[in-house]
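Work through these exercises with the model open. Try each task before reading its solution.

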Amino acid sequence: MKRFLMLGGFAVLSVTAIIGAQDKPEFKTIDGVPHALNPAKPLKGTITLEAERTRTINPYDQDDVGLRMIMISRDAAGNVMLFDPNNAEGHRFDSTGKYMGLITKKGQGPGEFSPMSGYWTLFHEPGIWVFGGMKVAHFDDSGALIKERTLKNHFYAQVDSGHFFTLATSWDAQKKPTRILKLATFDMEGAENTVDLLSGQNLGMIMNPNGQGGIGEGWATPNFFYAAEPERRRIYCGLNWEYKIQIKDYAGKDLLVIERPCERVKISRKD
């Protein structure tokens, strides 16, 4: 069976009525930061979304495509890049689905990236940006390399052509790790600095009681969540076991916290 990627346009088709009386959000200022405290039940009830297929791209129609994991970048004109973040492989398609070729080659030369070091492609004017490990490369719209540089911080996740998320770890006297989510700001001339966004202990891995190693799982392990809105220069982040979204600017300043109550539960291996 052929594998394919479907790009869908989403539309809200219906909104159910509010079921019963519900509390309204409460707005407070805590430590100088506005907080929106929402009720446990959503004000608008249940919203139904349906997707309509607008385009189908099957990258495996191309002989030189070896994508195992597929991530996507898309620009406003509808051009698409499909890429494998582990295998440092990416391919371009225009707004009609026509194949435009490989984005970068594997290797350590100019404009090349090595597998298993993190790899992300991004449309951001002007041109195309590719991040991988501790390297960033800038290409023009035709795919020609303009410039590249070595980063001081390891790339963790994309934001825009001048910012990315990175992680750091500090250790206390008891050798317990604290993980720190940071926003790195850089230019192609060599400047680079970071601001702290969020931190916590035992994130990304649940340590064994003896301190020797631990376990981690992508969905269940306590960790950060994060997203960026480059158009407004906003960062959205938090801890994945809390119903709390912290909204910050690129300087790391808290702008708003959105919360809703939740009940934490404990499950056993049997559960």
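**Exercise 1. Cysteines**

How many disulfides does a search of the whole structure find? Work it out for this predicted model, then account for the result.

*Solution.*
Step 1. Take the count. The search of the whole structure finds zero disulfides.
Step 2. Recall the cut-off. A disulfide needs two cysteine sulfur atoms within 2.5 Å.
Step 3. Check Cys237. The closest cysteine sulfur to that of Cys237 belongs to Cys262 and lies 17 Å away, so the two are too far apart for a bond.
Step 4. Check Cys262. The nearest cysteine sulfur is that of Cys237, at 17 Å, and Cys262 is in no disulfide.
Step 5. Compare the surroundings. Cys237 is buried, at 0% relative accessible area. Cys262 is partly exposed, at 39%.

**Exercise 2. His138**

Find the strand that holds His138. Then decide: is His138 buried or exposed? Finish with its partners in contact.

*Solution.*
Step 1. Locate the residue. His138 sits in strand E13, which covers residues 135–139.
Step 2. Apply the accessibility cut-off. Buried means under 20% relative accessible area. His138 has 9%, so His138 counts as buried.
Step 3. Look for a backbone partner. The His138 side chain reaches the backbone oxygen of Pro126 at 2.5 Å.
Step 4. List contacts, setting aside neighbours within four places in sequence. His138 touches Pro126, Gly127, Ile128 and Trp129, then Ala144, Leu145, Ile146 and Lys147, and also Met188.

**Exercise 3. Ala144**

Where is Ala144 found? Give its exposure and its contacts.

*Solution.*
Step 1. Place the residue. Ala144 lies in the loop between E13 and strand E14, the latter spanning 145–150.
Step 2. Read the exposure. A relative accessible area of 34% makes Ala144 partly exposed.
Step 3. Find the contacts. Outside its neighbours within four places in sequence, Ala144 is in contact with His138 and Phe139.
Step 4. Set sequence against space for one pair. Ala144 and Ala76 are 68 residues apart in sequence, and their C-alpha atoms are 21 Å apart.

**Exercise 4. A four-stranded sheet**

In what order do the four strands of the open sheet run? Name the edge strands, then examine the pair E6 and E7.

*Solution.*
Step 1. Trace the order. The sheet reads E5-E6-E7-E8, with antiparallel pairing.
Step 2. Find the edges. E5 (71–74) and E8 (99–102) each pair on one side only.
Step 3. Get the twist. From one strand to the next, the average is 20 degrees.
Step 4. Inspect the E6–E7 pair. E6 (residues 80–84) and E7 (residues 89–93) are antiparallel and share five bridges.
Step 5. Pick out facing residues. Phe83 stands opposite Gly90 in E7.

How values were computed
Residues are numbered from 1 along each chain as its sequence is written. This is a predicted model: local features need pLDDT of at least 70, side-chain atom pairs count only at pLDDT 80 or more; totals for chains, interfaces and linings use all residues. Side-chain values use heavy atoms; hydrogens and water are left out. Buried means under 20% relative accessible area, exposed over 50%, partly exposed in between (1.4 Å probe, protein chains only). Helices (H or I, at least four residues) and strands (E, at least two) are DSSP runs, numbered from the N terminus. A polar contact is a pair of N or O atoms within 3.5 Å; within protein, one must be able to donate a hydrogen and the other to accept it, and residues adjacent in sequence count only if both atoms are side-chain atoms. Contact means heavy atoms within 4.5 Å. Two strands pair if DSSP finds at least two bridges between them. Axes are lines fitted to C-alpha atoms, for helices over the stretch in contact, and angles run from 0 to 180 degrees between N-to-C directions.
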